[in-house]
Amino acid sequence: MRVPLSWLRDFAPFEGDPVALGETFDDLGMVVEGLERVGDGLDGVVVARVLDVRPHPKADRVRLTEVDAGDGQPRQVVCGAPNVAPGQLVALATIGALLPGDFEISRRKVRGEWSEGMICSARELGLGEDAEGIMVLPDGLGPGAPFAEAMGISADVVYDLAIEANRPDALCVVGVARDAAARLGLPFAIPDHPVLEGPQPVAELATIAVQCPELCPRFTARVITGVRVGESPAWLVRRLALAGMRAISDVVDASNYVMLELGQPTHPYDLDLLPGAGLLVRRAEPGDTLVTLDGVTRRLGDGDDCLICDANGVPVGIGGIMGGASSEISPSTTRVLLEAAYFDRMTIARTSKRLGLRTEASARFERGCDPEGIERAVARFCSLLAGGEVAAGMLDQWQRPPRPRPVRLRTARVNALLGASLDDEQIPALLEPVGFTASPAGDGLHDVVVPSFRPDVEAEIDLVEEVARHHGYSRIAPTVPSSPYVGQLTPYQRGRRLLRDILAGAGVSEAVSSPLVAPGDHERAGLEGEAIAAVDPLAREESILRTSLLPGLLKAVSFNASHRSPDVKLFEIGHVFRPPPGRRAPLPDEPEMLAVALADPEGRPDAGAVEAKRLLDLVLDAMHLSGARLDAATAPGFHPSRTARVQLGGDMIGYLGEVDPFVLEAMGIAGRVGLIEVFLEGLVPRQRVYVQARPLSRHPSSDIDLAFVVDDSTPAAAVALSLRQAAGELLADLRLFDVFRDARLGSDRRSLAFRLRLQALDRTLTDGEVADLRRRCIEAVESAHGAELRG
């Protein structure tokens, strides 16, 4: 927000070094992003009248002008502005003038034609941002007069302030002046502007009605008759320009000026263009449309949109955002209806975002304006509008909220949070100059009444921040807080790092894919169900939040295969985003997942699901996790007959298997791809796991091989569990080394061959002991699974 120093001085006597004042703004949290000195460098700039404009013989985009600079000697000036015209009064920089930015004017040729100076724009004079055309001066000025003197311009300083979203009061000149005056101990006052009313009551000229007080708690209107729309006075035009606004007409300029000065947006309507001579505030309905002041047709219809309508219910403005073109102020306007309102903050924010329409008014309303400051803003508008008669009274519909209860503030709490040593007298002295009222409520206690222009202050901590700002952050000595705790990783974070190390040690490379995927990526990866779309994505190719790590990981495998690295082994740890069940929760479910893709372009039998199983066993062993179980299952994106559900400790933690061949074809991947996708929380313990070292046996081991014929529905993991339980502590290792199918085994049956390694810590096992263990293992499997021992 641009704030001229001369404007601040209307409310407090700011003197001294402007840079030091800027440092005060910084310390108050209104960071100065730029400081611009204006009005300097205007020596040699005079008022001149354009006598003639003709085409340049050798250029299309510039023209030749003849100007009178008051010395009776017409001079030729080459000008590229599209708005230059005969009869205009303009600002002419004469030869030798040094404009802001150290730009010196000299006599020079432009495409073979001499230019005896330069006709200036507001930006070239350092008086505004408008550079689209020359600065056209008001009538009545004499050619040859010094420009600065004729326009009443004196040197000024403009601060470009960054106002945070939680400071709605500082989005106006008065708010900035109030804060700075309080810090510097200067007197602060907002001048009163009494409204001189005519005899005719306003109720005879217009009406207002509010059908949705929850969207617009307060709505007011004043009527000014006998208006003659024209140009604003030069001082007002200059202030608007310094604040970054272009002058339009005296009526519109007065409205903009009030918004910049007091922070209260207003909107003037041409009363004669309002059917029914009144305004109606209602919710938008399906089918509502409006052509706004920028010439765009807006489709409205969301029930949360607040519309300003004429008395017949036809929209003429979007409440708190922008007015409609149908009732726009024009040179023919003679009667003005001025709207000043207070809108619900979230209503304005939602409508502005949905329409993609953000204005100076919406920026203030969505942060919070002062419902009790409307009368002051309307009075200021009336004082700025020269001519016309203000009808008696103001139309006002206000659903007054209950008075907020005072906020209790504790001196001890302030000092504890800030590391300061303020006493009970200092805290009210810091708060009261900026509009708060603090009353004693006991020893070290204050009941603070929050002013209506500070909707951001709701709790004690907000008041602590106010005390800190006005006491001065720079006056609070920095301290290092002491703590008995030393920073460390949580068990979950430690486990995640260990998992990464295990996978990297197994030769698997980590991939990091975008959490946003393209439309259709989930379908190509064989995934089903609804996904969440980003509201405002940077690119359509990254507009859908992933519900699985599979699309990104398979795209990485495909990319590597297309770059002659078809046998990559990749893993990724990241969050996925799934719509909440029944859409009852406000936010999506965001579990952290582990996915592993093991590509084998040759499609070997020991690749794919077999390789994925070996890797999962390695991970579980390294993480000291036992009791895992695999059950045949199906899952989106996985092979329909080579997929297993992974269960650990009775909980389903994910799936293991191969990628569906149709998915591989869609992604352009040859061979087989083993796949693991599990919830990270299922693998990584929340509590630290302490592992006890196991002693190593010095005695030889004995291996026995057992092959069992079982039904296809019997999981290999279930058979392995039976063998482990039967062998007990003498089982050193167990591996499934062969799966065999043959018609001779029977329909829907297969052979599972296991190798058991038996070993005791204190002795060499005898043949009898080994034979007894073998018998027990066979009996356990046969009884539990109806298996047959294969000879």
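A charge sits over a ring if NZ of Lys or CZ of Arg is within 6 Å of the ring centre and within 35 degrees of the ring normal. Arg218 meets that test: its charged end sits over the ring of Trp398, 4.0 Å from the centre. Arg755 does so at Phe737, with its charged end 4.7 Å from the ring centre.

This is a predicted model, in which local features need pLDDT of at least 70, side-chain atom pairs count only at pLDDT 80 or more, and totals for chains, interfaces and linings use all residues. Residues are numbered from 1 along each chain as its sequence is written, and side-chain values use heavy atoms, with hydrogens and water left out.

**Aromatic pairs**

The structure holds five aromatic pairs. Rings of Phe, Tyr and Trp (its six-membered ring) pair if their centres lie within 6.5 Å; planes under 30 degrees apart count as stacked, over 60 as edge-to-face and the rest as tilted. Two of the pairs are tabulated here.

| Pair | Centre distance | Plane angle | Class |
|---|---|---|---|
| Trp7 and Tyr257 | 4.4 Å | 25 degrees | stacked |
| Phe343 and Phe365 | 5.1 Å | 90 degrees | edge-to-face |

Trp7 lies in helix 1 (residues 5-8) and Tyr257 in helix 6, so their pair ties together parts that are 250 residues apart in sequence. Helices (H or I, at least four residues) and strands (E, at least two) are DSSP runs, numbered from the N terminus. Trp7 is buried, at a relative accessible area of 0%. Tyr257 is buried too, with 0%. Buried means under 20% relative accessible area, exposed over 50%, partly exposed in between (1.4 Å probe, protein chains only). Ring pairs also bring in Trp235, giving a cluster of Trp7, Trp235 and Tyr257.

The rings of Phe343 and Phe365 form an edge-to-face pair. This pair links distant parts of the chain, 22 residues apart: Phe343 is in the loop between strand 24 (336-342) and helix 7 (345-355), and Phe365 is in helix 8 (residues 360-365). Phe343 is buried at 0% relative accessibility. Phe365 is buried at 4%.

**Helix 6**

Twelve of the 13 residues of helix 6 are buried, so the rest of the structure largely encloses this helix. Among the buried residues are Asp250, Asp253, Tyr257 and Glu261. Helix 6 covers residues 250-262, and its end C-alpha atoms are 18 Å apart, which agrees with the expected 18 Å. That expected span is 1.5 Å times one less than the number of residues. Gly263 follows helix 6, with a positive phi near 80 degrees.

**Two open sheets**

Two strands pair if DSSP finds at least two bridges between them. One open sheet has three strands in the order 27-29-28, with antiparallel pairing. Strand 27 (407-410) and strand 28 (437-440) are its edge strands, each pairing on one side only. The twist averages 35 degrees from one strand to the next. Axes are lines fitted to C-alpha atoms, for helices over the stretch in contact, and angles run from 0 to 180 degrees between N-to-C directions. Helix 10 (residues 411-418) packs on this sheet, touching strand 27 and strand 29, at about 65 degrees to strand 27. Contact means heavy atoms within 4.5 Å. Helix 12 (residues 460-471) lies across strand 27 and strand 29, at about 55 degrees to strand 27. Four bridges join strand 28 to strand 29 (residues 445-449). Pro440 stands opposite His446 in strand 29.

Another open sheet has five strands in the order 15-18-21-22-23, with mixed pairing. Strand 15 (207-210) and strand 23 (322-323) stand at the edges. Strand 15 pairs with strand 18 (residues 278-283) in the parallel sense over four bridges. Thr207 stands opposite Gly278 in strand 18.
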